[in-house]
Amino acid sequence: MKEGMQVTSAEAGNHYEVFHTDCPARDIVDHVTSRWGVWVLISLRSNDLRFHELRDTIRGISEKMLAQTLRALVHDGLVWRNVEPTTPPHVTYGLTDFGQNIGEPLTDMLNRITQRLSPTSPEEKGYREVTKVNPADPNT
């Protein structure tokens, strides 16, 4: 079963006051730009992943924060959740069309940032340097 709401564009004549604290668009922007929301959306751009795969992909995220972030993104219609009735249940997450649409500029932004970084030895930084994120390549 897939859960989540697909957010559609505003009807003609309806405008959102995005700078008003009660605007529903602000909640979605807050979830997308949260500490972990960006990384979840970028991680799901190329593949649908199970919870533990996402946790292992996004280094430093706790299970609690991953669960909270996924819950918010599913509620916002950016991520879908599929539960297979097995024991234990297999839960898979992926991006909705809306999530793909939002994730694309995030991936572009990350690529631009990494291109501007000064060359540093990965050993000095303690991470594996990846110069470009390719959504079609699960190894990036």
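In this predicted model, confidence in the protein chain bottoms out in strand β1 (residues 2-3), with a mean pLDDT of 50, and peaks in helix α4 (residues 63-75), at 97. Over residues 3-12 the pLDDT drops below 50, though the model still gives this stretch 17 contacts beyond near neighbours in sequence. Where pLDDT is low, the predicted coordinates shouldn't be read in detail. For the protein chain as a whole, the mean pLDDT is 82, with 75% of residues at 70 or more.

As for the overall layout, the protein chain holds six helices and four strands, and going along the sequence these run β-α-α-β-α-α-β-β-α-α. Among contacts between residues at least 6 apart in sequence, 52% link residues at least 24 apart. Of the 140 residues in the protein chain, 30% are buried. The accessible surface adds up to about 9,700 Å², and carbon and sulfur atoms account for 51% of that.

Then there's the inside. The largest nonpolar core has 25 residues, and the ones touching the most other members are Leu41, Leu44, Leu54, Leu78, Val79 and Tyr93. At least two residues of this core come from each of α1 (24-32), α2 (37-43), α4, β3 (79-84), β4 (90-95) and α5 (97-116). Tyr93 is worth a closer look: setting aside neighbours within four places in sequence, Tyr93 contacts Leu44, Asp48, Leu49, Phe51, Leu54, Leu70, Val74, Val79, Trp80 and Arg81.

Note on methods: Residues are numbered from 1 along each chain as its sequence is written. This is a predicted model: local features need pLDDT of at least 70, side-chain atom pairs count only at pLDDT 80 or more; totals for chains, interfaces and linings use all residues. Side-chain values use heavy atoms; hydrogens and water are left out. pLDDT is the predictor's confidence in each residue, from 0 to 100. Contact means heavy atoms within 4.5 Å. A nonpolar core is a set of buried Ala, Val, Leu, Ile, Met, Phe, Trp, Tyr and Cys residues joined through side-chain atoms within 4.5 Å. Buried means under 20% relative accessible area, exposed over 50%, partly exposed in between (1.4 Å probe, protein chains only). Accessible areas come from the Shrake-Rupley method with a 1.4 Å probe; for residues, only the protein chains shown count as cover.
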